Each structure stands twice: as C-alpha cells, then as structure tokens.
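Work through the following exercises with the sequence and the model in view, and try each task before reading its solution.

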Amino acid sequence: MSNQLPGGAIQDMPPSGGFAPVQYKRNLPARGFRPSYYLFAMGVFCTYGFYKLSLGQEEKRELQRENVWSRLHLTPILQAETDRDNVRRRLASQAREKKIMENVPGWDETASVYNNRHVQSTFALVPPTSK
C-alpha cells in the first residue's frame, strides 16, 4: 500500500494500531446528594407542612364553633338587658309625661293614643267616600 498519491502528494494515514481513545467524559466528582434524596426530603417537608396546616384549620374550626356557641348562650342575657333598658325608658317617659300633663283635667298617661287596635297609616291619602 502506497501513501503516494498521483502528483507526488503523500496521504496522511492513521498510525498502525489506531488512534488512542478520545476522552470525551468529564471526570468530575459528584457534588451533593443524589436527586432522589432531594425529592424524598421535599416530600417529607411538604407532608409535614400539610399536617401542620390541617392542625391549624382544625383549631380555627373549633374556635369558630366556640364563638357561635358563646353567641348563642349570650343572646338571652343581652336581650334581657335590652328589655330592662326599654322598660326603664318607657317608665321614665311616662313619668315625664305625667309631670308635664298634671294640670290637664281628664288626662290619663296610661291610655293609648289610638282609638282602636288598628293603626292607620299616616302616608296614604284615602279619598273620602261620596254619598
């Protein structure tokens, strides 16, 4: 076999036995843990976080339930207090009315200002009936 080409050029040939293998891989040490460890740790952290979240929601639900029950139990007390205040105001109003109208003959402070049990509206204009 000749390395000589026509025209006097010599062709470059590989060495006998071939070239040495080309090192294309980088020989770097692995840094950190394997990715599966990171994935596992993230799963553990997320599980713990959701657990604490559920505990917080449970406590919030319990506080809301306690708030509702406290309002239910306080309502009669607050209503009784309002009723007592209304009675006190009504008695004070009647006492003031009695003092103001003491010189008017035939005035009864306990009498109703309405002539019957139905109160007629003051904003409706009803035309008189024609005969």
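**Exercise 1. Salt bridges**

Determine how many salt bridges the structure holds, and describe how their partners are placed.

Solution. The structure, which is a predicted model, holds 3 salt bridges. Begin with Arg65, which forms a salt bridge with Glu62, the closest N and O atoms lying 2.6 Å apart. These two residues are 3 residues apart in helix α1, so about one helical turn separates Arg65 from Glu62. Turn next to Asp85, which is paired with Arg88 at 2.7 Å between the closest N and O atoms and with Arg89 at 3.1 Å between the closest N and O atoms. Arg88 and Asp85 both belong to helix α1 and are 3 residues apart, while Asp85 and Arg89, also both in α1, are 4 residues apart, again about one turn of the helix. Asp85, Arg88 and Arg89 are thus linked in a network of salt bridges. The general principle is that an α-helix has 3.6 residues a turn, so residues three or four places apart point the same way.

**Exercise 2. Accessibility of the bridging residues**

Decide whether Arg65, Glu62 and Asp85 are buried, partly exposed or exposed.

Solution. The class of partly exposed residues lies between the cut-offs of 20% and 50% relative accessible area. Arg65, at 43% relative accessibility, therefore counts as partly exposed. Glu62 has a relative accessibility of 38%, so Glu62 is partly exposed. Asp85, with a relative accessible area of 27%, is likewise partly exposed.

**Exercise 3. The helix**

Check whether the end-to-end distance of helix α1 agrees or disagrees with its number of residues, and locate its bend.

Solution. The chain contains 1 helix and 0 strands. Helix α1 covers residues 35-100, that is 66 residues, and at 1.5 Å a residue it should therefore span 98 Å. The C-alpha atoms at its ends are 93 Å apart, which agrees with that expectation. Along its course, α1 bends by about 35° at Leu74, and a proline, Pro76, follows within four residues.

**Exercise 4. The surface**

Establish what share of the chain is buried, and describe the nonpolar patch that includes Phe33.

Solution. Of the 131 residues in the chain, buried residues make up 0%. The chain exposes about 13,700 Å², of which carbon and sulfur atoms supply 59%. Phe33, Tyr37 and Tyr38 form a nonpolar patch on the surface, with about 390 Å² of accessible area together. Phe33 itself is located in the segment before α1. Its relative accessible area is 59%, and Phe33 is therefore classed as exposed, the cut-off for that class being over 50%.

Conventions:
Residues are numbered from 1 along each chain as its sequence is written. This is a predicted model: local features need pLDDT of at least 70, side-chain atom pairs count only at pLDDT 80 or more; totals for chains, interfaces and linings use all residues. Side-chain values use heavy atoms; hydrogens and water are left out. The expected span of a helix is 1.5 Å times one less than its number of residues. The bend at a residue is the angle between axes fitted to the seven residues ending there and the seven starting there. Patches are made of residues with over 30% relative accessible area and no salt bridge: like charges are joined within 9 Å, nonpolar side chains (Val, Leu, Ile, Met, Phe, Trp, Tyr) within 5 Å. Accessible areas come from the Shrake-Rupley method with a 1.4 Å probe; for residues, only the protein chains shown count as cover. A salt bridge is a side-chain nitrogen of Lys or Arg within 4 Å of a carboxyl oxygen of Asp or Glu. Buried means under 20% relative accessible area, exposed over 50%, partly exposed in between (1.4 Å probe, protein chains only).
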